[in-house]
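Here is a short set of exercises to work through with the model open beside you. Try each task before reading its solution.

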Amino acid sequence: MDADSIRAAYRRYARFYDPVFGNLLASGRHAAVKWINRRGGLRVLEVGVGTGISLSDYRKDNRVTGIDLSSDMLKVAQERVDRERLENVEGLLEMDAGKLAFADGSFDLVVAMYVMTVVPDPQGTMLELERVCKPGGDILIVNHFAADKPGLRRSVENWMAPFSKKLGWRPDFTLDTLMSGSRLKVEELQTVPPFGLFSLLHCRRQADALA
């Protein structure tokens with residue numbers, strides 16, 4: 001995957017993303033936002049905000065900044081923010097998740113939903129998410145992780161892998177690949193519908209991890 005392929009894929013998806021993928025991916029999205037909404041007063045970074053389909057679900061006392069590589073998706077997100085008057089959304093910015101233009105420790109919580117199989121450099125992106133998260137802060141990842149054992153699912157994932165550029169995501173992406181080189185502490189991993197194909201990963205940045 002590369003930035004141009006990602007932009008091209010999501011340029012195609014932008015206007016029909018919500019009706020096609022909104023319901024399919026709703027369970028993971030709702031699980032992540034429900035987890036976040038246990039607390040208020042947070043400054044939240046949503047990486048890969050896309051069309052902003054999750055923005056109206058956040059607690060109004062949580063301030064949200066969204067970033068995405070696709071200007072086409074961000075245009076739809078901004079229309080949503082304006083239409084629904086989401087005053088707790090502080091900004092929607094076109095930005096590479098692997099090169100975040102925020103100072104260290106800028107956010108209490110960072111969330112990336114259905115993003116890590118898409119970015120060109122998953123490991124570098126994880127380091128960036130950690131960097132902009134406050135010490136002791138939380139990082140939530142909703143993602144498909146490839147099966148870790150041989151079987152039908154793994155065979156299908158391997159068969160789909162060569163089509164990554166067209167799909168806009170990597171079917172054969174593993175949890176070990178994501179966490180390679182990471183200093184984050186994995187707190188919890190739970191599967192979410194549909195069919196257990198997606199997982200909610202909760203990590204925490206250690207207070208001295210970047211010292």
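**Exercise 1. Where is Y114 found, in terms of the elements that flank its loop?**

Solution. Before starting, note that this is a predicted model, in which local features need pLDDT of at least 70, side-chain atom pairs count only at pLDDT 80 or more, and totals for chains, interfaces and linings use all residues. Residues are numbered from 1 along each chain as its sequence is written, and side-chain values use heavy atoms, with hydrogens and water left out.

Step 1. Y114 sits in the loop between strand 4 and helix 5. Helices (H or I, at least four residues) and strands (E, at least two) are DSSP runs, numbered from the N terminus.

Step 2. Look at the backbone: phi of Y114 is near 60°, a positive value in a residue other than glycine.

Step 3. Y114 counts as buried because its relative accessibility is 15%; buried means under 20% relative accessible area, exposed over 50%, and partly exposed in between (1.4 Å probe, protein chains only).

**Exercise 2. Is R85 buried or exposed?**

Solution. Step 1. Find R85 in the loop between helix 4 (71–84) and strand 3 (89–94).

Step 2. Its phi is near 55°, a positive value in a residue other than glycine.

Step 3. R85 has 70% relative accessibility, so R85 counts as exposed.

**Exercise 3. Describe the surroundings of strand 4, then of helix 5.**

Solution. Step 1. Strand 4 spans residues 107–113, and seven of its seven residues are buried.

Step 2. Strand 1 (residues 43–47) runs parallel to strand 4 and is joined to it by four bridges; two strands pair if DSSP finds at least two bridges between them. Here V44 has L109 as its bridge partner in strand 4.

Step 3. Strand 5 (residues 133–143) also pairs with strand 4 in the parallel sense, over six bridges. V110 has I139 as its bridge partner in strand 5.

Step 4. Add helix 5 (residues 122–132): with strand 4 and strand 5 it makes a right-handed β-α-β unit. Right-handed here means that, with the strands pointing away from the viewer, the path from the first strand over the helix to the second runs clockwise.

Step 5. Helix 5 is largely enclosed by the rest of the structure, because nine of its eleven residues are buried. Among them are P122, M126 and L129. The cover for the buried residues of helix 5 includes strand 1, strand 4, strand 5 and helix 8 (175–179).

**Exercise 4. Which residues does H202 touch, not counting those up to four places away in sequence?**

Solution. Step 1. H202 lies in strand 7 (residues 198–204). It is buried, with a relative accessible area of 7%.

Step 2. Using contacts (heavy atoms within 4.5 Å), H202 touches W35, D138, I139, L140, K185, V186, E187 and E188.

Step 3. The side chains of H202 and D138 are joined by a polar contact of 2.8 Å. A polar contact is a pair of N or O atoms within 3.5 Å; within protein, one must be able to donate a hydrogen and the other to accept it, and residues adjacent in sequence count only if both atoms are side-chain atoms.

**Exercise 5. Over which residues does pLDDT stay under 50?**

Solution. Step 1. The chain has a mean pLDDT (the predictor's confidence in each residue, from 0 to 100) of 83, and 74% of its residues reach 70 or more.

Step 2. The stretch is residues 150–164. Where pLDDT is low, the predicted coordinates should not be read in detail.
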